[in-house]
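Please work through the following exercises with the sequence and the structure at hand. Each task sentence is followed by a solution in steps.

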Amino acid sequence: MSDHVLSLSGVDSGYGEVQVLDDLTMHLDAGEIVCLVGPNGAGKSTVLKTAFGLLTPWEGTVDFHGRDIGGMAPEDIVREGIGYVPQTDNVFGSLTIDENLRMGGVARSEGLDEVIGNLYERFPILDEKRGAKARTLSGGQRQVLAFARALVMEPDVLLIDEPSAGLAPNTADEVFEDVVAVNELDTAILMVEQNATKGLNISDRGYVLDQGTVAYEGTADGLLDNEEVSKLYLGG
Ligand SMILES: Nc1ncnc2c1ncn2[C@@H]1O[C@H](COP(=O)(O)OP(=O)(O)OP(=O)(O)O)[C@@H](O)[C@H]1O
Ligand SMILES: [Mg+2]
């Protein structure tokens, strides 16, 4: 038995007839931030979708706390303790901040006010704006709301797809600080990031995905220092 919180082993997955992931194996341990990098179309988002039950693995297993959750419905996976923040459309613009957070808790039977109160304390910008429509938030603030919305279920694992996409560099840095803050709430994070160097800088470990399989893996520092990885994948 491994003590990984989440592990994908020998996973094949894809869309219709089109295979994207090919014998993919990776894991996430408690307390970690793990960054998934790689070229466009490598299959990074597909990994998160397969771990979250939006796609059913064709082969292999997705294990969460030692239980095979491969192909389980996303609403059940949320209850198991995995949250997912997609790259786009991750908040409801026409709802207020408070309504967005309450929506994040529809699958919770108790303790909703308390957990939302704690999130307001942790992310004061959301508290200040709790009555405002989410569409009035800046891009960075919207990303914080998307994280908080997923955290209402108090997941053990948060899957985050490209948190810095479309943000100015300063704003992206702030969002990465918020990713670290989320991790400090005892949430292990598997993050996809186009901005590989910045993503790895806040991570413990990383995987370089190419053509649906793991091309390199290691500590974040090891990957950042690896000349081949740097030349091929980090634009260095
Ligand atoms: N809904 C879909 N139907 C069919 N093919 C898809 C679908 N979504 C993605 N693909 C294909 O699967 C492959 C992997 O896509 P994926 O979105 O996982 O890549 P990615 O590594 O996240 O890329 P990016 O950096 O551009 O976000 C690509 O060839 C893509 O065209
Ligand atoms: Mg993607």
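## Conventions and a first residue

Glu162 is found in the loop that runs from β7 (157-161) to α7 (169-184). Helices (H or I, at least four residues) and strands (E, at least two) are DSSP runs, numbered from the N terminus. This is a predicted model, in which local features need pLDDT of at least 70 and side-chain atom pairs count only at pLDDT 80 or more, while totals for chains, interfaces and linings use all residues. Residues are numbered from 1 along each chain as its sequence is written, and chains are lettered from A and ligands numbered from 1 in the order in which they are written.

## Exercise 1: Two loop residues

Describe the phi angle of Glu162 and of His65, and state whether Glu162 is buried or exposed.

Step 1. Most residues other than glycine have a negative phi.

Step 2. Glu162 has a positive phi near 50°, although it is not glycine. His65, also a residue other than glycine, has a positive phi near 50°; His65 belongs to the loop between β4 (59-64) and β5 (67-68).

Step 3. A residue is buried if 20 or more other C-beta atoms lie within 10 Å of its own, exposed if 12 or fewer, and partly exposed in between, with C-beta atoms placed from the backbone. Glu162 counts as buried because it has 21 C-beta neighbours inside 10 Å. His65 has 14 such neighbours inside 10 Å and therefore counts as partly exposed.

## Exercise 2: The two sheets

Give the strand order of the four-strand sheet and of the six-strand sheet, and name the edge strands of the latter.

Step 1. Strands of a sheet pair through backbone hydrogen bonds, either parallel or antiparallel. Here two strands pair if DSSP finds at least two bridges between them.

Step 2. The four-strand sheet is open, has the order β2-β1-β4-β5 and is antiparallel in its pairing. Its edge strands, β2 (18-28) and β5, each pair on one side only. Two bridges join β4 and β5 in the antiparallel sense; Asp63 has Asp68 in β5 as its bridge partner.

Step 3. The six-strand sheet is also open, with mixed pairing and the order β6-β7-β8-β3-β9-β10. At its edges stand β6 (82-85) and β10, each with a single partner strand, so one side of each has no neighbour in the sheet.

Step 4. β9 (residues 205-210) and β10 (residues 213-219) run antiparallel and are joined by six bridges. Across this pair, Tyr207 has Glu217 in β10 as its bridge partner, and Leu209 stands opposite Val214 in β10. Two residues lie between the strands of the hairpin, where Gln211 has a positive phi near 50°.

## Exercise 3: Helix α1 and ligand 1

Which element gives the most residues to the shell around ligand 1?

Step 1. A residue is near a molecule or strand if its C-beta atom, placed from the backbone, lies within 6 Å of it. The residues around ligand 1 include Tyr15, Asn40, Gly43, Lys44, Ser45, Thr46 and Gln194.

Step 2. β2 and α1 (44-51) are the elements that give two or more residues to this shell. The answer is α1, which gives three residues.

Step 3. Ala, Val, Leu, Ile, Met, Phe, Trp, Tyr, Cys and Pro count as nonpolar, Asp, Glu, Lys and Arg as charged, and the others, Gly among them, as polar. By these classes the shell has four nonpolar, seven polar and one charged residues.

Step 4. Seven of the eight residues of α1 are buried, Lys44 and Thr46 among them. After α1 comes Gly53, with a positive phi near 85°.

## Exercise 4: Helices α3 and α6

State which residues of α3 and α6 meet, and sort them by class.

Step 1. Two residues are in contact if their C-beta atoms, placed from the backbone, lie within 7 Å.

Step 2. From α3 (residues 97-104) come Ile97, Asn100, Leu101, Met103 and Gly104, and from α6 (residues 139-151) come Leu145, Ala148, Arg149 and Ala150.

Step 3. Six of the residues in this contact are nonpolar, two are polar and one is charged.

Technical notes:
Axes are lines fitted to C-alpha atoms, for helices over the stretch in contact, and angles run from 0 to 180 degrees between N-to-C directions.
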